[in-house]
Amino acid sequence: MEGKLRVLIVNGSPKGEHSLTLQHSLYMLGQEPAVEWTVLQAGEALSPIDYDESWLRAAIDEIERADAILWSTPVYTMLVPWQLLRLFQLVKEAGRNAVFKGKYATSMMTCFHYYDHLAEAWLRATCEDLGMAYMEGRTADNMDMLRNDHRASMRFFMREFVEACRSRSPLERKYAPLSDRPSPRFELAATGAIAKDGQKAAPRTVLLTDEYRKDGNLSRMIDAFVDAYPYPVEVVDINDFPYEAGCHGCLRCELVGECDRKDGFQEFYLNLVDTCDALVFGMNLEGRYLRPVWKLFLDRTFSNGHRTSMMGKHTAYLVAGPLRSLPNVRQFLEGKDNVGRENCMAIIGDEYDDSALLGRLLRDGAVRLARAIDGRYQKSVNFLGWGGLKIFRDLIYGMRGVVRDDHRFYKTHGLYDFPQKDIPKQLFNLAMGLAFTLKPVRVQAFERMPSMYILLHKRIVDSGKP
Ligand SMILES: Cc1cc2nc3c(=O)[nH]c(=O)nc-3n(C[C@H](O)[C@H](O)[C@H](O)COP(=O)(O)O)c2cc1C
């Protein structure tokens with residue numbers, strides 16, 4: 001390759017020049033003398049619902065001129081911000097996907113490492129689908145770059161990327177292409193709606209969807225589910241909300257309390273999660289994620305900070321599209337559910353040749369959701385939930401003077417489960433620490449361990465009591 005390598009930094013952060021991630025990208029490229037770079041402020045330009053179309057045309061030209069792309073983006077709601085998703089969507093709608101083909105790409109992300117792997121996986125798979133050669137990127141938290149050793153690795157990484165672009169090194173394709181075969185049509189059997197329990201105390205159930213009463217599998221899945229569900233369901237089409245713009249990460253919600261956007265979304269969402277007992281989601285997949293309107297919606301829910309408002313309630317997801325080929329979308333739903341302790345009772349896809357079977361799954365899911373609400377069933381939490389909660393716990397505790405509402409929530413809900421606060425455990429470890437310096441004690445512990453470990457549990461089992 002002759003001359004300087006032209007790298008386009010596509011800044012997905014809606015904060016534009018104030019983006020922390022951008023500082024990382026500028027630092028790395030600033031260390032590379034043989035590179036010429038420009039910045040495309042995509043996150044900022046695509047925040048308003050009514051974006052400037054001349055900006056998009058110029059943006060596509062810039063992408064076309066670039067030799068390589070550095071996606072510079074924060075992680076938002078376990079993915080990239082809606083604005084970056086929107087850039088891909090708009091380029092596609094303009095029929096210009098070919099501008100990406102053959103280019104090298106990598107990413108720089110900043111975040112708190114909360115599901116950042118899903119964000120990079122989506123970005124990588126999307127780039128690979130567009131025929132780009134993607135090199136594994138970097139993620140950093142807000143302090144990493146201040147360390148010398150971290151900056152040394154950033155410089156190494158960028159040198160490797162530039163070298164890969166120059167020598168057109170082969171890069172592994174990580175994700176298989178998605179099949180464009182649509183899901184089989186779901187034929188809704190006329191089973192009829194069961195009588196709704198209109199009792200005064202019926203749980204408030206809201207179904208949020210991006211498609212309702214259209215000729216799509218999702219609409220028919222919703223009908224089957226609602227027909228079988230014993231309580232009234234309010235259906236809300238999230239396309240109908242008059243969004244002013246996407247979340248622009250200003251943190252006014254965290255610092256002052258109210259959202260910077262004045263379209264009423266914060267009130268709408270808080271009212272929804274505060275008053276409902278169950279949320280059902282009807283979601284269409286698009287590309288390698290959900291329909292982009294979901295990202296707009298989910299990013300805006302950030303105005304509730306890190307308070308897991310659906311805690312202890314119940315959810316279900318009806319998903320139309322190639323869910324089996326998108327395990328990361330499933331992980332996103334399960335992770336969101338696990339961290340929020342939302343008790344997801346069903347994630348039902350539509351990839352069934354047998355409509356009768358899908359119909360049964362939907363009816364069964366609806367009834368199971370109702371039973372779980374009535375029985376106040378609480379699901380167990382796995383790694384996805386515990387891992388996420390520990391990240392939030394440390395983050396909020398570390399920022400408790402600033403994120404005061406989150407701090408209060410974590411305190412009142414007992415989510416500060418730091419091991420050093422467990423006094424009995426501290427004393428136990430102190431005593432054992434001393435005793436265990438003696439080998440005979442360790443040998444005895446080893447011999448008694450199997451029965452000691454289950455002693456209390458066995459007592460419950462043996463008692464036969466509930
Ligand atoms: C709406 C919103 C959603 C976020 N979601 C996540 C997330 O899912 N995971 C994470 O680790 N950080 C998340 N963050 C934190 C940002 O990724 C982090 O602050 C990042 O450094 C911001 O970069 P920027 O200044 O370039 O925009 C979120 C921040 C906002 C405003």
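**Stop 1: the domains.** Start by colouring the protein chain in three parts: domain 1 (5–167), domain 2 (205–384) and domain 3 (418–466). Keep in mind as you explore that this is a predicted model. Now look at domain 1 and domain 2 together: their C-alpha centres lie 29 Å apart.

**Stop 2: where two domains meet.** Stay with this pair, and you will find 23 residues of domain 1 in contact with 20 residues of domain 2. To see part of domain 1's side of this meeting place, select helix H4 (82–93) and helix H5 (116–129), each of which supplies at least two residues to the side that touches domain 2. Try colouring that side of domain 1 by class: 15 of its residues are nonpolar, six are polar and two are charged.

**Stop 3: the ligand.** Next, select the ligand and the 23 residues around it. Which of them come nearest? They are Ser-13, Ser-19, Thr-21, Pro-74 and Cys-111. Show helix H1 (residues 20–30) as well, since this helix gives three residues, the largest share of the shell around the ligand. Coloured by class, the shell has twelve nonpolar, eight polar and three charged residues. Why does the ligand lie between two domains? Both domain 1 (5–167) and domain 2 (205–384) give residues to the shell, so the ligand lies between them.

**Stop 4: helix H7.** Move on to residues 217–228, which form helix H7. From the first C-alpha to the last, these twelve residues reach 17 Å, close to the 16 Å expected at 1.5 Å a residue. Is H7 mostly covered or mostly open? It is mostly covered, with nine of the twelve residues buried. Among the buried ones are Asn-217, Arg-220, Met-221 and Phe-225. To see what covers the buried residues of H7, add strands E7 (205–209), E8 (233–237), E9 (278–286) and E11 (314–320), together with helix H12 (355–374); the cover includes these elements.

**Stop 5: Phe-225 and the core.** Zoom in on Phe-225. Leaving aside residues up to four places away in sequence, Phe-225 touches Val-280, Leu-318, Leu-362, Gly-365 and Ala-366. Phe-225 also belongs to the largest nonpolar core, which has 98 residues. Select Val-7, Ala-119, Met-221 and Leu-369 alongside Phe-225: these five touch the most other members of that core. Domain 1 (5–167) and domain 2 (205–384) both contribute residues to this core, so the core lies between them. As a general background note, nonpolar side chains tend to be buried together in soluble globular proteins.

Notes: Residues numbered from 1 in each chain as written. Predicted model: local features only at pLDDT ≥ 70, side-chain atom pairs only at ≥ 80, totals over all residues. Near = placed C-beta within 6 Å. Helix = DSSP H or I, 4+ residues; strand = E, 2+ residues; numbered from the N terminus. Nonpolar A, V, L, I, M, F, W, Y, C, P; charged D, E, K, R; others polar. Domains from an automatic or database assignment. Contact = placed C-beta atoms within 7 Å. Expected span 1.5 Å × (residues − 1). Buried ≥ 20, exposed ≤ 12 C-beta atoms within 10 Å, placed from the backbone. Core = buried A, V, L, I, M, F, W, Y, C linked by C-beta atoms within 7 Å.
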